[in-house]
Amino acid sequence: MVKVTEQSRFAEYLSVVLLYQGGQNDVLGIQIYDGSVKQWKDMRNAYGAVYDLPNPPKGTISLRLKLKNIASGGAVKLVKLDNVIPRFWKAGVAYDSKIKLA
């Protein structure tokens, strides 16, 4: 699950935290897809597990997670969460990614 933190302000500032991310993966970074320029942008690691971005892209938001798998000797992989945050997102709401990390 991806939670939009309470500090977020719709259309001006987006801050997210991954929920229930336990187990064998460490999050190394989060990217957000900007469809207007057709590229992935790095989100800033604000603190702990919180990532943020001023002026996020408009529309439905897709994220890409850069994960390090501890059990497989530190292999790094990218996991894409398509359309995980709706167009008119709200601060304080958690959105289900439907992705299970092993």
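**Exercise 1. Which pattern does the protein follow when read along the sequence?**

Solution. The structure under study is a predicted model. Begin with the inventory of elements: there are nine strands and zero helices. Reading along the sequence then gives the pattern β-β-β-β-β-β-β-β-β. The next step concerns overall dimensions. The radius of gyration is 13 Å, close to the 13 Å that the globule rule gives for 102 residues, so the protein is as compact as a globular protein of that length. Along its principal axes, the C-alpha trace spans about 40 × 30 × 25 Å.

**Exercise 2. Determine what share of the residues is buried, and describe the surface and the charges.**

Solution. Of the 102 residues, 36% count as buried. The accessible surface comes to about 6100 Å², and carbon and sulfur atoms account for 51% of that area. For the charges, count the side chains by sign: 15 are positive and 8 are negative. The centres of these two sets lie 3 Å apart.

**Exercise 3. Identify the residues at the heart of the largest nonpolar core and the strands that supply it.**

Solution. The largest nonpolar core has 20 residues. Those with the most contacts inside this core are Val2, Val16, Ile30, Met43, Leu63 and Ile85. At least two core residues come from each of the strands E1 (2-4), E2 (13-18), E3 (25-34), E6 (50-54), E7 (61-69) and E8 (75-85). Consider Met43 next. Residues up to four places away in sequence being left out, Met43 touches Leu14, Val16, Ile30, Gln31, Ile32, Tyr51, Asp52, Leu53 and Leu63.

**Exercise 4. Decide whether Asp52 is buried or exposed, and list its contacts.**

Solution. Asp52 lies in strand E6. Its relative accessible area is 3%. Buried means under 20%, and Asp52 is therefore buried. Neighbours within four places in sequence being set aside, Asp52 is in contact with Tyr13, Leu14, Ser15, Met43, Arg44 and Ala46. As a check on distance, take Ile32: Asp52 and Ile32 are 20 residues apart in sequence and 9.8 Å apart in space, C-alpha to C-alpha.

**Exercise 5. Classify Gln39 by accessibility and name the residues that it touches.**

Solution. Gln39 lies in strand E4 (residues 39-42). Its relative accessibility is 41%. Partly exposed covers the range between the 20% and 50% limits, so Gln39 counts as partly exposed. Residues up to four places away in sequence not being counted, Gln39 touches Ile32, Tyr33 and Asp34.

Terms used
Residues numbered from 1 in each chain as written. Predicted model: local features only at pLDDT ≥ 70, side-chain atom pairs only at ≥ 80, totals over all residues. Heavy atoms only, no water. Core = buried A, V, L, I, M, F, W, Y, C linked by side-chain atoms within 4.5 Å. Buried < 20%, exposed > 50% of the residue type's maximum accessible area, 1.4 Å probe, protein only. Helix = DSSP H or I, 4+ residues; strand = E, 2+ residues; numbered from the N terminus. Contact = heavy atoms within 4.5 Å. Rg over C-alpha atoms; globule rule 2.2 N^0.38 Å. Areas by Shrake-Rupley, 256 points an atom, 1.4 Å probe, with all protein chains shown as cover. Lys, Arg positive; Asp, Glu negative; His and termini not counted. Charge placed at Lys NZ, Arg CZ, Asp CG, Glu CD.
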